[in-house]
Amino acid sequence: REKELLATRDLPAETHDGVRLQLVGNIEFAEEIPNLLAHGGEGVGLYRTEFLFLARQDLPDEEEHYQTYRRVLEAMAPRPVTIRTFDLGGDKLPVGTRVEAENPAMGLRGLRYCLRHLDIFKPQLRGLLRASVHGHLKIMFPMVSGAAEVRAAKRLVAELRDELRREGIETRLPPMGIMIEVPAAAQVADRLARECDFFSIGTNDLIQYTMAIDRQNKDVAYLYRPLHLSVLRTLRFVCDAARAAGIPVSMCGEMAGDPLYVLVLLGLGIHELSMNGPAIPLVKRVVRAASAGDGQALVAQILELTTAGEIEDVVKLEMARRF
Ligand code: PEP
Ligand code: MG
């Protein structure tokens, strides 16, 4: 079975009706790249860079950022690599700098944290810009809640690029996009689409914040439903906004790697799915057996239903019937 799935490694993730998806990988360490390529990863859709220093006591300096990203870009070239700037804050902080917060998930996290801690953010951005000439880099900002944050981050990138140029270091301006994982960002996706080169939907946090349930809290885990109507409506709005603005939408939360959702995600018009490498072959097999038109019909049908249970039943039945 594993062999059969690996045999699809070099085949495109294309539906019967000619819709081509990019299937890419979520990684935390450069060491994961050979395994990702072995499973047919067409790029990296989410590189969670905070793991660079969660595992240790000190901060990486600019040089270490540069060397690490250069290695990943070169290993994947010419394939695209989406590197997410530090999603730090809350419980993800270097030892010694942890702040007590009642609700770490709603605290100074992700881009908010980085814009406040430029001593941490600038070396990362300079390292990324220096690495930009070594492959196909895309930069992604996490935990964005509005356009002002995106503008501030892009302004900083432009300033650092000028700074590097004055130092005699040439860089490429990489495409810059954002995670859509805060409901506020999803609701203004039409405006954010004008400021970004791409979106990547982080369903892990988007569902957490939409449903008001802590990802870690087992008591409310039963409410963690990717097919809840609120989530579906949000996904549809974000995908429609991206399509209208002509920018691509990726999904990099756990939902993206579960074959059950493939038809729905095709129907919504998502362009790229980012998941753990070993999940790629099965998702690809479902994509290749599917049609995007059927996905659109299914999405139209489930958007008329009411409870997550009703929607899940219809999707499961449809998937069992077809695949
Ligand atoms: C997400 O929130 O869906 C996501 C991909 O980011 P993380 O799991 O790292 O928070
Ligand atoms: Mg997240």
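The turns below take up strand S4 and the surroundings of ligand 1 in a predicted model.

User: What should I know about this predicted model before reading on?
Analyst: Local features need pLDDT of at least 70 and side-chain atom pairs count only at pLDDT 80 or more, while totals for chains, interfaces and linings use all residues. Residues are numbered from 1 along each chain as its sequence is written, and chains are lettered from A and ligands numbered from 1 in the order in which they are written.

User: Why is strand S4 called largely enclosed?
Analyst: A residue is buried if 20 or more other C-beta atoms, placed from the backbone, lie within 10 Å of its own, exposed if 12 or fewer, and partly exposed in between. In S4 (residues 80-84), 5 of the 5 residues are buried, so the strand is largely enclosed by the rest of the structure. Strands are DSSP runs (E, at least two residues), and helices are runs of H or I with at least four, numbered from the N terminus.

User: How do you know that both faces of S4 are covered?
Analyst: Pro 80, Thr 82 and Arg 84 on one side are buried, as are Val 81 and Ile 83 on the other.

User: What makes S3 and S4 a pair?
Analyst: Pairing asks for at least two bridges found by DSSP, and S3 (residues 44-48) is joined to S4 by 3 bridges, running parallel. Val 44 stands opposite Val 81. S4 also pairs with S5 (residues 136-141) in the parallel sense, over 5 bridges, where Arg 84 has Met 140 as its bridge partner.

User: Which element gives the largest share of the shell around ligand 1?
Analyst: That is H10, with 3 residues.
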